[in-house]
Amino acid sequence: MRRAAVSIPSNIVEGYERETKKDFANFLIIAKGSAGELETQILIALLLEYLPKEKSEVINLKIVEIKKMLTALRKKILLTTNY
């Protein structure tokens with residue numbers, strides 16, 4: 001879980017540092033994939049009763065919001081001419 005969680009901002013920064021819109025947009029997709037991976041791991045932890053339901057719901061709401069932000073940022077990057 002830690003590795004997936006750390007992978008999200010790491011991929012955002014790596015994509016940004018590549019200095020092209022295409023690379024940045026691709027790394028945002030990878031970051032979103034890491035968020036999905038974390039979402040799955042939270043579900044598994046819930047099913048195995050390692051995590052209480054209330055805590056998993058709070059975490060999942062945050063993950064959903066992060067995925068929405070990544071999608072919106074990717075769309076904005078691809079539509080922006082100045083980058």
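**Exercise 1.** In this predicted model, find which residues Ser 56 is in contact with, leaving aside its neighbours within four places in sequence. Then work out whether Ser 56 is buried or exposed.

*Solution.* Start with the contacts: beyond those neighbours, Ser 56 meets Ile 42, Leu 46 and Leu 51. Next, place the residue: Ser 56 sits in helix α3. Now look at one of its partners, Ile 42, which is on the list of buried residues of α2. Last, check the area. Ser 56 has a relative accessible area of 1%, and the cut-off for buried is under 20%, so Ser 56 counts as buried.

**Exercise 2.** Do the same for Ser 34: which helix is it in, what does it touch, and is it buried or exposed?

*Solution.* Ser 34 belongs to helix α2. Skip residues up to four places away in sequence, and you're left with Ala 4, Ser 7, Ile 8 and Asn 11. As for the area, Ser 34 comes in at 6%, so it's buried too.

**Exercise 3.** Take a look at α2 as a whole: how many residues does it have, how far does it reach, and what covers its buried residues?

*Solution.* Count first: α2 runs over residues 21–47, which is 27 residues. From first C-alpha to last it reaches 39 Å, close to the 39 Å expected at 1.5 Å a residue. The buried set includes Phe 24, Phe 27, Leu 28, Ala 31, Ser 34 and Leu 38. Here's a handy rule for reading that list: an α-helix has 3.6 residues a turn, so residues three or four places apart point the same way. The cover over the buried residues of α2 includes α1 (2–17) and α3 (53–79). Finally, see what follows the helix: Glu 49 comes after α2, with a positive phi near 65 degrees.

How values were computed
Residues are numbered from 1 along each chain as its sequence is written. This is a predicted model: local features need pLDDT of at least 70, side-chain atom pairs count only at pLDDT 80 or more; totals for chains, interfaces and linings use all residues. Side-chain values use heavy atoms; hydrogens and water are left out. Helices (H or I, at least four residues) and strands (E, at least two) are DSSP runs, numbered from the N terminus. The expected span of a helix is 1.5 Å times one less than its number of residues. Buried means under 20% relative accessible area, exposed over 50%, partly exposed in between (1.4 Å probe, protein chains only). Contact means heavy atoms within 4.5 Å.
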